[in-house]
Amino acid sequence: MLILSIDQGTTSTRAIAFELGPDGDLSPVAVSQIELAQHFPASGWVEHDAAEIWAATLQTCREVIKKAGGVGRFAVIGITNQRETSVIWDAATGEPLHRAIVWQDRRTAGVTAALTEAGHEAAVQAATGLILDPYFSATKYAWLLDAVPGARDRAERGEVKLGTIESWLIWKLTGGVAHVTDATNASRTSLMDLKTLQWRDDLCALFKVPRQALPAIMGCAEPLGVCDPSLFGEALAITGAAGDQQAALVGHGALNPGDAKITYGTGAFLVANVGAEPVASTRRLLGTLAYRAGGATAYALEGSIFSAGSAIQWLRDGARMISESRQSEAMAQSLPDNGGVYLVPGFTGLGAPWWKAEARGAVVGLTRDAGPAHFVRAALEALAYQTRDLLDALADDGAPPLKTLKVDGGVTANAFAMQFVADICQVEVERPAFQEMTALGAARLAALGAGLVPDLSPGVAQAPARWAPRMGDDERERLLKGWRAAVQAAIIAAQ
Ligand code: ADP
């Protein structure tokens, strides 16, 4: 029996067919992927064509169904998606009324700055877990309603619909029958109460988004709609949905308080499961929903590192000290230690817990002995120091102590970096053999939503790679002291 997992990401749309084994394990059997065009109409603006996203979804699903032996083999569909990206469409025609505004888009920065100025941030954070930032959907929705002539009035009458990407796809897949969202995607809008998992009228009023235009909030593993049979030849049910970072958490099986996952790609995204009650951050981490599934609700704290793999890209393409990313591992290992050299990858400012948007990168501690290997080693070590900073912020927020750090993403191919993360963070690091955690999480939610598995626990998978901490306390403290001094140097240099 197969599960069709749709993974609608920022740069591509993918469909993956997973086979559900007798032990509840999921293995990939077919995949199809289409790149997505990025539109940059103005500085800081990023848009996607929602019609293109729908067409690519349909095409990749049809290809995967064909490759995997026909629609009759499939049980259900699960969806995961780039979060916060906001779509507006006409309820009658099902056509988008504007290009979708992508999560990275900063056009509404003035709106959130004004709301912060007016003193609304504490209340918004208390209700939603989120800081005031154009990242989240609410101000994007309001912008779309104002930009499309007549849309605001029509939205009040229910003629215009708003939704994040999973909501748009479920609308199209069900032939305009279901206007729903799952609670993890809803938790990224700034409009949902994180405790009740309902839209809040006061937030809808504050952000000027009419509630009638919003989708109904559903759980992540339950019947969400049934596909129009003309699309795939059978009326497949959609029974799972979650935003990409949350789906990855489920894919990793990070289901208990103290479990966390970090995805090391261009940037790095940490999501930590904090259990059945939301934790309010004092360190500007984001409070968010991990999942609502099988009658259970799990909350998470989230933090991001702006430059992770991008520091390695810079060594390759900017500094030209390496010709391929993977060379970095052997170069770092060619040195007995960092020689007192630290690289602070503040290329685009520093995130949690420093929050210095104006900071820039720095290399400190150079001596005449330093060469390219020191830069490379320092860049890889910085991944671990930055992770440690996020974990310290989590601990300060009272999050449950970390048990295992599950990792995925391109940088995790680097065994030196993973060992260093284990050493500096004093936690066991675990990298699964199969890396597509996002698509896997959506498939698992769909399997649970259809009653095909009893819970979200991962079935037997190939053994993961593991790194256990082995560095002594003195060495770790000495290194962390050096790192913190380097961060201060980077901050001072930018002033
Ligand atoms: P994204 O999804 O953000 O595009 P990926 O998960 O594909 O990112 O990871 C790509 C990043 O991983 C790049 O920044 C690249 O420099 C880095 N990377 C790939 N292989 C290695 C390696 N062996 N060592 C260190 N970094 C690596």
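**Two pockets and a ligand**

Guide: Let's start with the second largest pocket, which has a volume of about 850 Å³. Closest to its centre, out of 21 lining residues, are Arg-106, Asp-133, Tyr-135, Ser-304 and Phe-306. Bear in mind that this is a predicted model.

Visitor: Why does the second largest pocket lie between domain 1 and domain 2?

Guide: Look at who lines it. Residues of domain 1 (2–245) and of domain 2 (253–431 + 463–495) are both found in the lining of the second largest pocket, so it lies between them. The largest share of that lining comes from strand β16 (residues 296–305), with four residues.

Visitor: What makes up the lining of the second largest pocket, by class?

Guide: It divides into 11 nonpolar, four polar and six charged residues. Tyr counts as nonpolar, so Tyr-135 goes with that class.

Visitor: And the largest pocket: how do you know where it lies relative to the domains?

Guide: By the argument we used before. Domain 1 (2–245) and domain 2 (253–431 + 463–495) both contribute to the lining of the largest pocket, so this pocket lies between them. Its volume is about 990 Å³. There are 31 lining residues, and those nearest the centre are Thr-10, Thr-11, Asp-244, Gln-245 and Thr-263. At least two lining residues come from each of β2 (12–20), α10 (244–251), β13 (259–264) and α15 (437–449). By class, the lining of the largest pocket has seven nonpolar, 16 polar and eight charged residues.

Visitor: On to the ligand. What makes Thr-266 a polar contact of the ligand?

Guide: Distance and atom type. A pair of N or O atoms has to be within 3.5 Å. A polar side-chain atom of Thr-266 sits 2.7 Å from a ligand oxygen atom, so the pair qualifies.

Visitor: How do you know that Gln-313 and Gly-410 belong on the list too?

Guide: Run the check again. For Gln-313, a side-chain N or O atom is 2.9 Å from an oxygen atom of the ligand, so that pair is within 3.5 Å. For Gly-410, a polar backbone atom is 2.8 Å from a ligand oxygen, so this one passes as well. Taken on its own, the ligand has 580 Å² of accessible area, and the protein covers 67% of it.

Visitor: Which residues form the shell around the ligand, and which helix gives the most?

Guide: There are 13 residues around the ligand, with Thr-266, Gly-309, Gln-313, Gly-410 and Asn-414 the closest. Helix α11 (residues 309–318) gives the most to the shell, four residues.

Visitor: How does that shell divide by class?

Guide: Two nonpolar, 10 polar and one charged. Gly counts as polar, so Gly-309 and Gly-410 fall in that class.

Conventions:
Residues numbered from 1 in each chain as written. Predicted model: local features only at pLDDT ≥ 70, side-chain atom pairs only at ≥ 80, totals over all residues. Heavy atoms only, no water. Near = heavy atom within 4 Å. Polar contact = N/O pair within 3.5 Å; in protein donor to acceptor, adjacent residues only side chain to side chain. Areas by Shrake-Rupley, 256 points an atom, 1.4 Å probe, with all protein chains shown as cover. 1 Å grid on protein atoms, 1.4 Å probe; cavity = no way out; pocket = protein on both sides within 12 Å on 5 of 7 lines; lining within 4 Å. Points joined across faces, edges and corners; volume = space filled by probe spheres on them. Domains from an automatic or database assignment.
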